[in-house]
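Here's a quick briefing on one cavity and a few helix pairs. Have a look at the model first, then read on.

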Amino acid sequence: MKILVAGATGVVGRRLIPLLVQAGHEVAGTTRHADRARSVSEQHATPVVVDVLDADAVRAAVGTERPDVVIHQLTDLTGEDFNANSRLRIAGTRNLVDAAKAAGVETMIAQSIAWVYLPGDTPAVESDPLDPSLLPYAGVAGLEEAVAEMPRGVVLRYGALYGPDTWYAKDGAMAERVRAGSLRPSPSWTSFVHVDDAAAAALAALDWPAGAVNIVDNEPATTAEWLPLYSAALGAPSPGPAARHAAATSRPASNAKALSLGWKPRVPSWRTGFAEIG
């Protein structure tokens, strides 16, 4: 197939393109920075320089490429600007969907997140409702509703990405916070996924039916569980004591649907993955 990867130079995109090429697909990849086009070419994909917030430019680019599938791996977290990321999820996804439909594209696979479910006592499954009180909700809802307009729209609800080039890398934002001692153990839940497993899921999703799928590893954990091991892997001081009367927040996510579709994380637990950080 011919596949257009939107966000080709992002943390997932640059791992995904080699997988797609190795699988025999013809690949094009977008970047909004002309100076990054060469890195797309070096991965044997066609670079497409376009700002996805420019609706006319996106329509022209998708119309020129005429892909069979669009894989949306766009994020904008430079400087941890969550408002910019939400805008990209809403407006950028809207532009991609409109352009794809105009070009006759049948399938879109898009990156979403797995930590916006309403609180609950059991691991969240894809049919569970999302929590509109959470900060990322508007962007997630805008993205997922737009993708659902496609003839076949697959939404990958990624857990917290860790591994090289992520916030959890040795030089990432979370590592800096741990070294600064600004994180404390708590009963708050996180479902992780290694960035390489996230890319592999996008490749596998080419064969999946429409709908949302949680892409997380096999072991959700509270901050009280993962923070001491992560700190040790970084060689950082042990975290301080938990805040008194800290309440459980967030919710673990179930990967049962993804497993039933044939995806299996190469790194089954953050415990193994964190041990490789050092």
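A cavity here is a set of grid points where a 1.4 Å probe fits but cannot get out, and its volume is the space filled by probe spheres set on those points. Keep in mind that this is a predicted model. On that footing, the largest cavity comes out at about 40 Å³.

**The cavity**

- How many cavities of 30 Å³ or more are there? The count is 1.
- The walls of the largest cavity are built from Leu-4, Thr-30, Val-48, Val-50, Val-52, Val-58, Ala-61, Val-62 and Leu-96.
- Sorted by class, that lining has 8 nonpolar residues and 1 polar one, with no charged residues.
- Helix 3 (residues 55-65) gives the largest share of the lining, with 3 residues.

**Helix 3 against helix 4**

- Helix 3 also packs against helix 4: their axes come within 9 Å and cross at roughly 40°.
- The contact uses Ala-55, Val-58, Arg-59 and Val-62 from helix 3, and Asn-95, Leu-96, Asp-98, Ala-99, Ala-100 and Ala-102 from helix 4.
- By class, that makes 7 nonpolar, 1 polar and 2 charged residues.
- As for handedness, helix 3 passes helix 4 in a right-handed crossing.
- Some names turn up twice: Val-58, Val-62 and Leu-96 belong to the lining of the largest cavity and also to this helix contact.

**Helix 4 against helix 5**

- Helix 4 (residues 82-102) has another partner in helix 5 (residues 137-147), where the axes come within 7 Å and cross at roughly 10°.
- Angles under 35 degrees count as roughly parallel, so helix 4 and helix 5 are roughly parallel to each other.
- On the helix 4 side, the contact is made by Ser-86, Arg-89, Ile-90, Thr-93, Arg-94 and Val-97.
- Helix 5 answers with Ala-138, Gly-139, Val-140, Gly-142, Leu-143, Ala-146 and Val-147.
- The class split for this contact is 7 nonpolar, 4 polar and 2 charged.

**Helix 1 against helix 7**

- The axes of helix 1 (residues 13-22) and helix 7 (residues 195-204) come within 9 Å, crossing at roughly 45°.
- That angle is why helix 1 and helix 7 are called oblique to each other.
- Their crossing is right-handed.
- Helix 1 brings Arg-15, Leu-16, Leu-19 and Leu-20 to the meeting, while helix 7 brings Val-195, Asp-196, Ala-199, Ala-200, Ala-202 and Leu-203.
- This contact has 8 nonpolar and 2 charged residues, and no polar ones.

Key: Residues numbered from 1 in each chain as written. Predicted model: local features only at pLDDT ≥ 70, side-chain atom pairs only at ≥ 80, totals over all residues. Heavy atoms only, no water. 1 Å grid on protein atoms, 1.4 Å probe; cavity = no way out; pocket = protein on both sides within 12 Å on 5 of 7 lines; lining within 4 Å. Helix = DSSP H or I, 4+ residues; strand = E, 2+ residues; numbered from the N terminus. Nonpolar A, V, L, I, M, F, W, Y, C, P; charged D, E, K, R; others polar. Axes fitted to C-alpha atoms, helices over the stretch in contact; angles between N-to-C directions. Parallel < 35°, antiparallel > 145°, perpendicular 65-115°, else oblique. Contact = heavy atoms within 4.5 Å. Left-handed = near helix turned anticlockwise from the far one by under 90°.
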